[in-house]
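Trainee: Please take me slowly through one part of this model, tying together side-chain pairing, burial and packing as you go. I would like the reasoning set out in full rather than a list of values.

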Amino acid sequence: MVWFVSVAIAIILCGVAFLFGRAMRSEAEPGSPESDRGLIIIVLAVIVFVIWVGAHTALSALKQVEAGDVAVVYQFGEIIGQKGEGLQFVAPWQEIRTESIRVQRRQFSNVSGFSSETQDVVVTATVNYRVDPSAVQNLYRTVGVNWFDILVEPRINQYFKAETVKYSTVDIAPNRETIRKNVKDALAADLQNFSVTVEDLLIDNIDFNADFKRSIEEKQIAAQNALREGERIAQAQAEAVQNEERAKGEARAVEERAKGDAAAEIERARGNAEAILLRAEAQAQANVLLDESLTPQVIQYLAVDKLAPNIDIALIPSGQNIIIDPAALLSGASVDDDEPTQSTIPATTTGPTEGN
């Protein structure tokens, strides 16, 4: 349209100049200055027209198509073809509209659905898609330039509603991957008929209404409290078991110590008994040897040997068969310088004394 306006302006301006120069030339004498000026105006008008229209045509006809894009060519509102990437030439009266054929990303932040208990479910999802390069003009022709809003958005909502209603509210999050895969497969199969390929579909978030989330939080808090209480009970039971085992260990230790003390006491008693027995046996053997070595003379000798050294007179009962050597008694006597020493030597008796 711009090119047509520009060309029309060029035709009008340059045409007026051309007609004005021609009129000057026709009214002037041949070879006169007025005739030459008319010729100059005519030539200038033609040159300006050619430059104006040529430059505008060149600028309007050369189009740059970016890499990864396809240009759909319109002529008077009709799609007549498409151009690939790079510098392309189209007629000045033609227009182009570019469409990306790269993988594109579109996010849906409020995809609503329902669970099997009719609880509200809000999904945030992202779709990665691309268009078949050879089918862009057909997609524009059959659906339109805003084909994404017409084809993809309503199907996303519909397929998510169809999947979330299969599960209870508490089962939606655990089955997130199954829901994602089923929605992606259904969307890809449907859009394939329009030469649109769904590369992937991602679930960014799943949300529920405030009341349900509050009930879930309360349930989680109750579960955590129950878990903590269970841990405390388990800890108390473990401590009780430890105390019981410790008491059993201490009892076993006391029992072992008692057994050890009793065994030691028994060993000591046995050792004492053996020592006493050995002493008794030794004493008996000594008594036997002593009995064998004792004679009347030895006994008398020991008896005299046990007498005090200052004894002068000893009364010995008769009938004892004791023979005492007088010299043994006299050996302990001492002589006084002032008084003469008098010794009494008891007679040796062999029988009982008469006259008693």
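Mentor: Let me begin with arginine 270, which has a relative accessible area of 41% and is therefore partly exposed, a class that runs from 20% to 50%. The model is a predicted one, and every value that follows is computed from it. The partner of arginine 270 is glutamate 267, with which arginine 270 forms a salt bridge whose closest N and O atoms are 2.8 Å apart. Glutamate 267 is partly exposed as well, since its relative accessible area is 46%. The two residues belong to helix H7, and because they are three residues apart there, about one helical turn separates them. Elsewhere, salt bridges with shared partners link Glu177, Arg180 and Asp200 into one network, and this network leads to the part that I would like to examine closely, helix H6.

Before moving on, a second pair in H7 deserves mention. Arginine 232 and glutamate 229 meet through their side chains in a salt bridge, at 2.3 Å from N to O. Helix H7 covers residues 210–293, and arginine 232 and glutamate 229 are about one helical turn apart in it because three residues separate them. With a relative accessible area of 47%, arginine 232 is partly exposed, and glutamate 229, at 37%, is also partly exposed. An α-helix has 3.6 residues a turn, so residues three or four places apart point the same way. Side chains of opposite charge can pair when their charged atoms come close.

Now to helix H6, which consists of 16 residues, 176–191; at 1.5 Å a residue the helix should span 22 Å, and its end C-alpha atoms are indeed 22 Å apart, so the two values agree. Which residues of H6 are buried? They are Ile179, Arg180, Val183, Lys184, Leu187, Ala188, Asp190 and Leu191. When the helix is viewed down its axis, these buried residues fall within an arc of 160 degrees, and so they line one face of H6. That face has several neighbours, for the buried residues of H6 pack against strand E7 (120–131), helix H4, helix H5 (169–172) and strand E8 (196–208).

Two residues of H6 that are partly exposed rather than buried form a charged pair of their own. Lysine 181 makes a salt bridge with aspartate 185, and the closest N and O atoms of the two are 3.1 Å apart. Both residues lie in H6, four residues apart, which is about one turn of the helix. Lysine 181 is partly exposed because its relative accessibility is 45%, and aspartate 185 is likewise partly exposed, with a relative accessible area of 35%.

Glutamate 177, a member of the network named earlier, is also found in H6. Its relative accessibility of 48% places glutamate 177 among the partly exposed residues, whereas Arg180, another member of that network, is one of the buried residues of H6. The C-alpha atom of glutamate 177 is 8.4 Å from that of isoleucine 203, although the two residues are 26 residues apart along the chain.

Two of the elements that H6 packs against can be followed further. Helix H4 has 18 residues, 147–164, and reaches 26 Å from its first C-alpha to its last, close to the 26 Å expected at 1.5 Å a residue. Its buried residues are Trp147, Phe148, Leu151, Val152, Arg155, Ile156, Tyr159, Phe160, Glu163 and Thr164. In strand E7 we find threonine 124, which counts as buried because its relative accessibility is 16%, below the 20% limit used for burial. With residues up to four places away in sequence left aside, threonine 124 touches Gln107, Phe108, Ser109, Leu202, Ile203, Asp204 and Asn205.

Finally, the setting of these details in the whole chain. The secondary structure comes to nine helices and eight strands, and 24% of the 356 residues count as buried. Among contacts with a separation of 6 or more, 62% are between residues 24 or more positions apart. The number of salt bridges is 13, and the pairs described above, including lysine 181 with aspartate 185, are among them. The chain exposes about 24,100 Å², of which carbon and sulfur atoms supply 57%.

Terms used
Residues numbered from 1 in each chain as written. Predicted model: local features only at pLDDT ≥ 70, side-chain atom pairs only at ≥ 80, totals over all residues. Heavy atoms only, no water. Expected span 1.5 Å × (residues − 1). Buried < 20%, exposed > 50% of the residue type's maximum accessible area, 1.4 Å probe, protein only. Arc of directions from axis to C-beta. Contact = heavy atoms within 4.5 Å. Salt bridge = Lys/Arg side-chain N within 4 Å of Asp/Glu carboxyl O. Areas by Shrake-Rupley, 256 points an atom, 1.4 Å probe, with all protein chains shown as cover.
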